[in-house]
Amino acid sequence: MAKELWKGNEAIAEAAIRAGCDCFFGYPITPQSEVPEYMSVHLPKAGGVFVQSESEIAAINMVYGAGGSGKRAMTSSSSPGISLKQEGITYLAGAEVPAVIVNCMRGGPGLGTIQPGQGDYYQATRGGGNGDYRTVVLAPSNVQEAVDFVQEAFDIADEYRNPVMVVMDGLIGQMMEPIEWKEYKRRASTEKPWAAGGKFGRDHTNIINSLYIEPEACDIHNQHLTVKFNLMAEKEVRYETVNCEDAEIIITSYGTPARIALSAMEVLAAEGIKVGLFRPITLWPFPEKALHDLAGKDHVKHILDIELSSTGQMIDDVRLAVEGQKPISYLGRAGGMMPSVEEMVDAVYKALGKEVK
Amino acid sequence: MAIVYQKTQGLTDAEFHYCPGCHHGIIHKLVAETLVELGLLDEAIGVCPVGCSVFAYNYFNCDMLEAAHGRAPAVATGIKRTHPTQAVFTYQGDGDLASIGAAEIVHAAMRGEKFTTIFVNNAIYGMTGGQMAPTTLIGQRATTCQNGRTVEQAGSPIRMAELLSTMDGCVYAERVCVTDIANLNKAKRAIKKAFQKQMAGEGFTFVEVLSTCPTNWGLTPPKANEWLKENMVPYYPLGVIKETNTEVK
């Protein structure tokens, strides 16, 4: 199929419609507002429902109602808005309601900036809401991946009866790139006999609920959820490696900085430095074993983690995976500033204890 | 032997957990009977709140969703917009609806969402042990205003039926109570009318039911009934607050 030029946010909205999204509930926030704008025009034409909610909190709860009554439901927002949605996300996970949530990430903390950021890694992977739960977190690094992952996210959500997040730094939402509308491999269609969509002759009521007031019942419910989370951790891990076979230093990065790293790697290769890229595609489940094994190779001397974050967040998972086998350095920028190719090259030289050329 | 009375099919056989003298049980019954009488039970989808009626999903014999505190109108919006021909209702208390969920109920009414809200106002937080609610009366004692609510400290109680009736999308708002048979019958008629107007696609419908909380008011059930009539009714007047006869397109 011919390639088409699409803006990231509009492309993910179109992708959701093509994936059979029944309804979208959203609230304006930069840099994701093109998603609800596109949905308001195109989703009703496709027979779906669009509602602009009064708040992010209301939007995620509309998703809960629609998803809980059996529909394919989606919302999107950007970082401060995702903070507000966290209450709803823990209820979705607790009540086992499938949903797709897109975070077009900007810089924080607080209002921060409307420029791209990756400071929501903890929020996405640790669960910003209360209680023990996990969501599969897909992190595209270009518009094509964003389109592919959003479509697949609906299937993953339905398969596990769990919310799925797609997180991308604002750059991917805002930029235009050529993409291809591929026939993605759909998972087996999932019936929803559990949905609270009206009895219509059923001999029992369906209840969507996360309340288990008796200690033993709540423990059993948590154990049940944990079995499911473990299954996701086993089956849904995704990552990409580039030039890792004989690399002396491995860059760990995702989203936009992982793309800049590819340019830095070309510069370094020309200067005789063997650099590999390890790019987690699922931030949860984190590709822990793959990174652990790679860090254990004799040719790998150092790990350099690069994020759009001042403190570094994914670096915690990198440390957990590397388990002290090799030293780890960090390069991070915040506020929408991108680490440049030159900064990355310098950071590699510094990490390896070599003179910068 | 002739059957003169039996429990409605709109309720399950689960035993209510409500305190003696609490009106939730009666109000549940009226809603459940209405769903059966209008032939809506099989298609109805209900949303219950956080508060004393948090377990309502165990009692209503229709599909139910448990919402986060105050969010029931947003949840119901998601349901009704994707199931536009089906009966959808929220059942909420005063802490849930008038305090933490004020934005959700106001905007659902503003949008004219075509579901019915049953609002149970007992002027106190029951489930959490008797704290002050936005509906707590001036001078009424609660665990967070132990000398009685004052205007200076907490403002004046909120009248939700009147507030929501200012919105064009709200086509019906009535306040009722169930302290005696006459009022109970009026409450039943109000609930029925709300669902009928919902099913006619007219807009948002709202029934506020004044209710007792003998446990947290520190009164016996009969005295709680009297207290409601003497103190709540003068501040929260009974009757139709708004009824719009909309032409259904």
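This report covers the contact between chains A and B, the sheet they share, the fold of chain B and some backbone features of chain A. The model is predicted.

**The interface**

Chain A puts 36 residues in contact with 28 residues of chain B. On the chain A side, the elements that give two or more residues are β2 (23-26), β3 (49-52), α3 (56-68), α4 (79-94) and β9 (207-208). Helix α3(A) supplies the largest share, nine residues. By type, the chain A side divides into 17 nonpolar, 14 polar and five charged residues.

**A sheet across two chains**

Contact between the chains includes strand pairing. β9(A) runs parallel to strand β2 (residues 63-66) of chain B, and two bridges link them. Within this pair, A:I208 stands opposite B:L65 of β2(B).

The pair belongs to an open sheet of eight strands. Its order is β9(A)-β2(B)-β1(B)-β3(B)-β4(B)-β6(B)-β5(B)-β7(B), with mixed pairing. Two strands form the edges, β9 of chain A and β7 (239-243) of chain B; each pairs on one side only.

Further along, strand β1 (residues 45-48) of chain B and strand β3 (residues 88-93) of chain B run parallel and are joined by three bridges. B:V47 has B:T90 in β3(B) as its bridge partner. Helix α1 (residues 24-37) of chain B packs on the sheet. This helix touches β3, β4 (116-121) and β6 (204-210) of chain B, and its direction makes about 165° with that of β4(B).

**Chain B as a whole**

Chain B has nine helices and seven strands. Its radius of gyration is 17 Å, close to the 18 Å that the globule rule gives for 249 residues, so chain B is as compact as a globular protein of that length. The C-alpha trace of chain B spans about 50 × 50 × 30 Å along its principal axes. Of the 249 residues in chain B, 54% count as buried. Sequence-distant contacts are also well represented: among chain B contacts between residues at least 6 apart in sequence, 68% join residues at least 24 apart.

**Backbone features of chain A**

Most residues other than glycine have a negative phi, and most peptide bonds are trans. The table lists exceptions in chain A.

| Site | Feature | Value | Loop in chain A |
|---|---|---|---|
| A:T30 to A:P31 | cis peptide bond | omega near 5° | between β2 and α2 (34-45) |
| A:W284 to A:P285 | cis peptide bond | omega about -5° | A:P285 between β13 (282-284) and α10 (288-295) |
| A:R161 | positive phi | near 50° | between α6 (143-160) and β7 (163-169) |
| A:F200 | positive phi | about 45° | between β8 (176-179) and β9 |

Each cis bond in the table leads into a proline, A:P31 in one case and A:P285 in the other. The residues with positive phi are A:R161 and A:F200, neither of them a glycine.

Are these two residues buried or exposed? A:R161 has 18 other C-beta atoms within 10 Å, so A:R161 is partly exposed. A:F200 is exposed, because the count within 10 Å is 9 other C-beta atoms. The loop that holds A:F200 ends at β9 of chain A, the strand that pairs with β2(B).

Technical notes: Residues numbered from 1 in each chain as written. Chains lettered and ligands numbered in written order. Predicted model: local features only at pLDDT ≥ 70, side-chain atom pairs only at ≥ 80, totals over all residues. Contact = placed C-beta atoms within 7 Å. Helix = DSSP H or I, 4+ residues; strand = E, 2+ residues; numbered from the N terminus. Nonpolar A, V, L, I, M, F, W, Y, C, P; charged D, E, K, R; others polar. Pairing = 2+ DSSP bridges. Buried ≥ 20, exposed ≤ 12 C-beta atoms within 10 Å, placed from the backbone. Axes fitted to C-alpha atoms, helices over the stretch in contact; angles between N-to-C directions. Rg over C-alpha atoms; globule rule 2.2 N^0.38 Å.
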